[in-house]
Amino acid sequence: MRPDAAAEGPAPAAAPVAAAPAPAEAVRIDARPPTGTEPLLLVGLQRRVPRLRVVATGEMDVLGPDGRVLARVREGDDLLLQPGAGVVVLGGGRVGSAREVELRVAPGGRLRVDGTGYLGPLLVRRDAQGLTLIERLPLEAYLRGVVPAELGRRPAAELEAVKAQAVIARTYALRNRGRWRGEGFDLLGTTGDQVYGGADAHDPVADDALRLTRGEVLAAGGQPVDAFFHSTCGGRTEDGPAIFRGSDGQYLRAVDDVDDEGRAYCRDSPRFRWRERWDEAALAASLARGLPPSRRLPTAELRALRDLRITGRTASGRVAAVELETAERRVPLDGPTLRLALRLPGGEPMRSTAVAFTVTRGAGGRLAALEAEGRGAGHGVGLCQWGAIGRARAGHGYRRILGAYFPGTTLERRWR
């Protein structure tokens, strides 16, 4: 979801956008004093891996479940962890029958795993297929690794956008805390939840944003909202229910994200407008890999595809439904499924479903090439990250930014 990714391919001329809406109102403030305390989070960093190699910039202790020090590792020495006969084996030597160990580093040090540094403590647990790596830390400390990883490192002039992202990331964490409880942690440190970059991602502007919004969450009816966000809306966001089942909050409705002159706030995004093209072979290969099992077609049929037509759009103009036509059948797909099935050369999904297709036909009416011309990147629901940046550049405060994307919500402080 990072908005500072490099542009990929030439952008077509910008399409007209809607007339400017009335200025968004800032979110309401709940002035009641906070009654809660900052929670601790367990963040899943890796799952079901056959081994882990950890090196510390500082002396590292390996503790058992009872808190007893099982081993002490000198600074710079590798620590190899792998499952064996129901126990955790370190560097080839057994340290006991515990199915979990805790790694702690001396103050000022970091625990490095696969090149990423963490302050810890880290928990290593034996799971059914290998090892699971977890970091235990306060929620605000977790956000120090999330906000810059999701929004990118922004200049101080864009602090209000970073503050808006901080509130949204905090709201997401609080609402979804515990969703992976069955696997022993609260949230994934990947795009499965929010990207968490560990201690290496810490950034002074993000730290300021977190300090200035500490404990603040966006709420509706006293509960944290569904805090969806995406890279680039292209000038109009999407209704929540059009993409996410069960997201029926009135605050998740499509809004025109344009200034007084009708210009999209996210127009500086490198993915504001884009084009992609798949030839016959690339299209067949992409669909063969990306279609879900219930819609999967034989390779021979995909290589003789006759048409891909849009059969429905959402209120915001994004693709709601399409139909694949082969000589044997017609296969309906929804827009999000198509987006995941149409992969770009680097393997990532098509940028968004705000797209129009042009079909080129070959011999016998076969689909010889498919060209997509689109706007934006991501699902389009909730906060537009590049829109928030554009709004901050236009002088909007974070409360006004949040009110634009989540109308009718309230800003609450849950802890100090």
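Which residue follows α1 with a positive phi? That residue is Gly-152, with phi near 85°. The structure is a predicted model, so local features need pLDDT of at least 70, side-chain atom pairs count only at pLDDT 80 or more, and totals for chains, interfaces and linings use all residues. Residues are numbered from 1 along each chain as its sequence is written, and side-chain values use heavy atoms, with hydrogens and water left out.

Helix α1 itself covers residues 139-151 (helices are DSSP runs of H or I, at least four residues, and strands are runs of E, at least two, numbered from the N terminus). Its 13 residues reach 18 Å from first C-alpha to last, close to the 18 Å expected at 1.5 Å a residue (the expected span being 1.5 Å times one less than the number of residues). There is still a kink of about 25° at Gly-145, shortly before the proline Pro-148; the bend is the angle between axes fitted to the seven residues ending at a position and the seven starting there. The helix is mostly covered, with 11 of its 13 residues buried (under 20% relative accessible area; exposed is over 50% and partly exposed in between, using a 1.4 Å probe and protein chains only). Tyr-142, Gly-145 and Pro-148 are among those buried residues.

Tyr-142 also turns up in the largest nonpolar core, where it is one of the members touching the most others, along with residues including Leu-218, Leu-383 and Leu-402. This core has 75 residues, and helix α2 (residues 159-176) supplies the largest share, 11 residues. A nonpolar core here is a set of buried Ala, Val, Leu, Ile, Met, Phe, Trp, Tyr and Cys residues joined through side-chain atoms within 4.5 Å. Leaving aside neighbours within four places in sequence, Leu-402 is in contact (heavy atoms within 4.5 Å) with Val-27, Ala-164, Val-167, Ile-168, Leu-218, Leu-383 and Leu-411.

Over in the sheet, 7 strands line up in the order β5-β4-β9-β12-β13-β2-β14, open and with mixed pairing. Strands count as paired if DSSP finds at least two bridges between them; β4 (residues 60-63) and β9 run antiparallel and share 4. One such bridge partners Leu-63 with Glu-102 of β9. Glu-102 is buried, at a relative accessible area of 13%, and its side chain makes a polar contact of 3.2 Å with that of Arg-136 (a pair of N or O atoms within 3.5 Å; within protein, one must be able to donate a hydrogen and the other to accept it, and residues adjacent in sequence count only if both atoms are side-chain atoms).
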